[in-house]
Structure formats: structure tokens, C-alpha cells
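Here is a short, friendly walk through one model for anyone who likes to check geometry by hand. Please keep the viewer open while you read.

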Amino acid sequence: MKKLLTLTFLLSLFTAHSQDSILIKSKVANAIGELKEFVAIPNDALNADDIDTNLFWLRKKFTERGFNSTILETEGLPLFFAALPMDDNKPTILFYMHLDGQSVDATKWDQADPYKIVLKSKTNEGWKTESFSDLNDDINYDWRLFGRSTSDDKGPIIMFLNAIDALKKDNIDIPYNVKVILDSEEEKSSAPLPKAVRTYKDLLQADFLVINDGPVHVSGKPTIVYGCRGITTLSITTYGPIKPQHSGHYGNYAPNPGFQLTQLLATMKDADGKVLIKGYYDGISLDDATLEILKSVPDNIEKINKNLAISSPEKVGSFYQESLQYPSLNIRGLGSGWIGDQARTIVPATATAELDLRLVPESDGTKLKNLVKAHIKNQGYHVMNTEPTMEDRVKYDKIVTIKEGSVTDAFRTELDNPFGNGIVKTMESKFGEKPVQIRIMGGTVPISPFINELKIPAFIVPMVNPDNNQHSPNENLKIGQIAYGIELFYALLSPNQAE
Ligand SMILES: [Zn+2]
């Protein structure tokens with residue numbers, strides 16, 4: 001009897017589960033149809049008319065779901081804003097996604113029109129086009145939708161809308177006020193955003209921000225990201241003779257700017273890649289709890305090193321994630337004279353190093369640039385911010401011209417923020433394991449100033465596959481990620497998850 005009961009129980013679980021998956025599949029099917037429609041509207045941020053057509057479509061789709069929406073004028077292209085009716089007793093969640101996409105060069109795609117979604121399956125010979133009618137019987141989660149912005153970032157918008165449908169259908173009382181801001185210039189670095197926050201402060205007011213952009217961790221596992229590094233740049237030029245000189249006549253006599261520059265650069269870092277400039281890493285400390293989370297990221301170090309074809313990494317951190325917690329000092333380009341077939345027997349007139357400095361919240365970009373400049377001065381250089389004149393050149397032995405780039409700040413939310421903990425818990429119970437927690441991403445996103453301006457905790461919750469060819473030809477979205485996104489949005493907006 002007991003056995004029979006167990007069996008019935010198991011069976012009922014199984015039926016419940018398979019019904020569940022049929023339900024999800026019908027939602028995924030609907031989402032695919034809607035994504036085809038959305039992607040079919042070109043969204044090149046360089047073309048204002050494209051953006052307008054997208055905004056019109058979005059207003060209709062959000063209104064259908066009971067949102068109040070409005071278009072926010074900015075100094076650049078307008079933003080899209082939508083909100084469900086507000087309740088003063090609920091905390092407010094603000095979602096950020098973007099509707100614009102990178103420009104396309106159709107000749108580089110394996111399909112005629114990058115704005116017309118093509119369905120493909122992976123075979124041993126490569127990608128094979130499939131008919132959409134074959135999706136009707138059973139949706140294959142490994143198949144992919146190819147088209148511009150399927151992943152970056154129209155897919156997540158569609159997942160969100162379909163999750164709202166499901167929540168409404170199930171009569172779920174969402175425990176948050178829900179606001180959505182859709183950027184139309186993310187691919188052009190979101191220049192109008194920080195000012196827009198100041199202008200529309202009240203409208204955007206929220207308790208926390210969830211950004212749905214970018215891919216999940218390369219392992220494909222559910223992922224939450226707490227921050228991004230910022231960036232600034234420096235261009236450093238040293239000087240030799242006023243014009244390139246014959247190396248026979250002046251080699252051993254005219255100082256060589258290439259040697260000056262490399263000797264100068266060599267004072268900035270040790271052989272392990274650690275910056276030697278005093279104060280460069282000041283303020284950064286990683287406690288045990290933080291280190292534990294950093295170590296829990298399932299990075300495949302062997303694979304990373306193999307992909308990079310490096311024998312051993314630099315030692316700023318003792319492992320990959322730890323290395324991202326510090327500001328970097330990187331030579332991104334180096335030039336003097338000519339090389340290869342063009343090489344000439346000269347003493348060059350100048351040598352230039354282009355540097356980029358990736359920033360973390362502890363390392364203010366202006367402060368780091370000043371540290372580098374002070375360090376160069378300490379090496380006996382006369383530091384200028386313009387080209388030296390003839391008089392300067394005759395007067396000083398060692399001259400350097402430094403040009404500074406602007407600063408994009410980093411952002412990072414505390415790892416133990418209650419809203420972040422809520423998201424982690426939701427993901428854990430939904431997917432049966434803790435999500436990959438990335439304390440700070442190495443790269444820089446244009447919305448950092450927006451986040452810093454809002455002054456609320458922010459979390460990136462990516463929805464799409466890591467191999468989606470974002471920004472490149474043949475951008476694609478794995479269909480399984482649509483199911484993932486709908487389920488995750490649904491769970492995030494369900495009551496048992498509210499803090
Ligand atoms: Zn994006």
C-alpha cells in the first residue's frame with residue numbers, strides 16, 4: 001500500500017512537472033513569435049527613425065500588459081519608461097534593458113536579412129536552417145534564433161513581457177512596484193542617461209535596480225553580477241631628435257625615445273605584472289567571505305589559459321576572479337618609428353604608449369591618473385600636456401607628453417545586500433543550485449554612471465547564452481534561454497521571493 005501511495009505520489013509529481021513544462025513551452029512559443037516581430041524592426045541607434053518605430057511597438061506591447069508607459073525625452077534619443085500601477089506599501093524594483101542594437105553588415109551574416117529571425121539547429125557540419133513549423137510539435141531548447149538583438153537585448157525584453165503574462169494569468173500579486181526603463185543608445189554608450197536620471201529622478205525612484213543585459217557565465221549556469229570595472233586612458237609620448245635621424249650618423253648620440261619610453265614603462269610594473277606605483281592598489285581589501293565567493297565562480301582556468309595561449313598568468317591576484325578586483329594598468333598600444341617591411345635605419349623622433357586603466361570602486365580614475373603622472377615626474381621627466389616646443393626640447397633631457405582620457409567610473413553593489421540575497425535565494429530555489437556570483441565584471445558598461453547616479457543597489461541578471469555572438473554577425477539566442485528568462489522573471493516577481 002505504502003509503495004502504491006509512493007508511486008501515485010511520484011506519478012502526480014511527474015504529471016505536474018510535465019504539464020508545467022508544456023505550459024512553459026507554450027509561453028516560449030508565444031515569446032518566439034513576439035521576438036520575430038520585434039527583431040523585424042531595425043534598431044540601429046545611429047538611426048533615430050528606427051528607434052521611434054521600436055518605441056511605438058513597445059508602447060503597444062507594454063500597454064497590452066497593463067503598464068502605463070511614456071517616452072522620456074533626453075539630450076539624445078528618447079528613453080522608454082513603463083510602470084505597473086503603484087502601491088505605496090510595496091518596495092519598487094526597476095528593470096533596465098535596451099532596445100537598440102549594433103549596426104549590421106548583412107554581407108557578413110549567414111542569412112539574407114539580420115532583422116529576419118532564422119531558426120537553426122547545430123549539426124556536426126555546422127548550423128542548419130530549420131522551419132518554424134517544426135517548432136509546433138515540440139520546442140527544441142537547443143535550437144537557436146539568429147538575428148540582430150535576439151540576445152542583446154531584445155530577447156530579455158520579450159522574456160520579461162511573457163513572464164508578466166504568466167503572472168497575470170496565474171493571478172499572482174506581484175510583491176513589488178514594477179518599473180522598466182529601456183535605453184535606446186546603449187550601443188552608443190548611453191551618453192544621455194546620467195542627465196536623464198537627474199531630470200526624471202522621481203519617476204525612476206526605486207529600491208533596487210535589475211539590469212538584464214549581457215550573457216550568463218561561460219559555464220552557462222544561472223548568474224548574478226554585482227558590478228563592473230570602470231575605465232580611463234592615458235597616452236604617453238617621449239621624444240628623441242626633432243625628426244627621425246640616420247642611425248649611422250646619430251646612433252650612440254641622439255637619445256632614443258623608444259628606449260626612454262620602455263625604461264619608463266618598466267618602472268611601472270614588476271615581472272609578475274603588479275603595479276609598482278605607490279598607492280595604486282590602496283583601499284582594496286578582500287575578506288574571507290568575499291574570497292570564498294570569488295573562488296566559487298566555476299572558471300575553467302586550464303581552458304582560459306589555453307584559449308589565451310599563455311603559460312602562466314600575471315600575479316596581481318592569485319586566481320582569475322581575484323585579479324579583476326584590482327585596477328589594471330595596461331599597455332593597449334605601443335608605437336615608434338616603423339616595423340616589419342617598413343623598418344628603417346633611423347633614430348625615431350617620438351615613441352608613444354597608449355595605456356588603459358580599468359577601475360574598481362576603490363580606485364578613483366582621476367586619482368590613479370595623478371599617481372601615474374607623479375610617478376613619471378619622479379623618474380626625472382618634465383611632464384607636459386601639449387607637444388613640446390623647440391625650446392622645451394633643447395632645455396629638458398627627458399620630456400613626456402601625457403594626454404588623459406575621460407573617466408567612466410566602476411560600480412559595485414555589496415555582496416550581502418538584502419535585495420541581492422533575495423535574488424540569489426530565488427535563483428537557488430528555482431534552479432536547484434546557487435547561481436554563479438560575479439563580484440565585479442572585468443569589462444565596463446556604459447550604464448555605470450546611470451547606476452551611480454541612482455544611488456540604489458544594482459544587480460546584473462543576464463538571461464542569454466554566453467556564445468551568442470553579441471555585437472557580431474550571426475548573433476543568436478538559444479531557445480532554452482527564453483524558457484530560463486521567463487521562469488526567472490516569473491520567480492523574481494512572485495511573492496514568496498519578496499524580502
Ligand atoms: Zn547589451
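T426 is buried, at a relative accessible area of 1%; buried stands for under 20% relative accessible area, exposed for over 50% and partly exposed for what lies in between, with a 1.4 Å probe and protein chains only. The residue sits in helix 13, residues 418-431. Helices (H or I, at least four residues) and strands (E, at least two) are DSSP runs, numbered from the N terminus. The side chain of T426 reaches the backbone oxygen of G422 at 2.8 Å. Such a polar contact is a pair of N or O atoms within 3.5 Å; within protein, one must be able to donate a hydrogen and the other to accept it, and residues adjacent in sequence count only if both atoms are side-chain atoms.

A word on the source: this is a predicted model, in which local features need pLDDT of at least 70 and side-chain atom pairs count only at pLDDT 80 or more, while totals for chains, interfaces and linings use all residues. Residues are numbered from 1 along each chain as its sequence is written, and side-chain values use heavy atoms, with hydrogens and water left out.

**The zinc site**

Which residues supply the protein donors of the zinc ion? They are H98 through NE2, D152 through an OD atom, and D213 through two OD entries, at 1.8 to 2.6 Å from the ion. Donors here are N, O and S atoms within 2.8 Å of the metal (3.2 Å for Na, K and Ca); water is not among the atoms, so sites may look incomplete. Along the chain the donors follow the spacing H-x53-D-x60-D. H98 belongs to strand 3 (residues 92-98) and D152 to the loop between strand 6 (144-146) and helix 3 (154-169), so the pair ties together parts that are 54 residues apart in sequence.

The four donor atoms make angles of 53 to 150° with one another, and the site is irregular. For reference, four donors count as tetrahedral if all angles lie between 85 and 135 degrees; four count as square planar and six as octahedral if opposite donors are over 155 degrees apart and all others between 65 and 115; anything else is irregular. H98 is buried at 0% relative accessible area, and D152 is buried at 3%. One backbone detail is worth a look: the peptide bond from D152 to D153 is cis, with omega near 15°. D153 is found in the loop between strand 6 and helix 3.

**Two helices that cover each other**

The 14 residues of helix 11 (residues 365-378) should span 20 Å at 1.5 Å a residue, and the end C-alpha atoms are 20 Å apart, which agrees. The expected span is 1.5 Å times one less than the number of residues. The table sets helix 11 beside helix 7 (257-266).

| Helix | Buried residues | Exposed residues on the other side | N-terminal contact |
|---|---|---|---|
| Helix 11 | G365, L368, K369, V372, H375, I376 | K377, N378 | D364 side-chain oxygen to T366 backbone nitrogen, 3.3 Å |
| Helix 7 | P257, G258, Q260, L261, L264, L265 | F259, Q263, A266 | N256 side-chain oxygen to G258 backbone nitrogen, within 2.7 Å |

What covers the buried residues of helix 11 includes helix 7, strand 11 (230-239) and strand 15 (350-359). In turn, helix 11 is among the elements that cover the buried residues of helix 7, along with strand 13 (330-335) and strand 14 (346-347). Contact means heavy atoms within 4.5 Å. Helix 11 is followed by G380, whose phi is positive, near 90°.

**Strand 20 and the loop after it**

F459 lies in strand 20 and is buried, with a relative accessible area of 0%. Leaving aside residues up to four places away in sequence, F459 touches F208, L209, V210, I211, I224, V225, Y226, T413, N417, F419, G420 and I423.

The loop between strand 20 (458-460) and strand 21 (476-478) holds N469, and N474 is found there too. Phi of N469 is near 55°, a positive value in a residue other than glycine; phi of N474 is near 60°, again positive. Are these residues buried or partly exposed? N469 counts as partly exposed at 36% relative accessibility, whereas N474 is buried at 12%.
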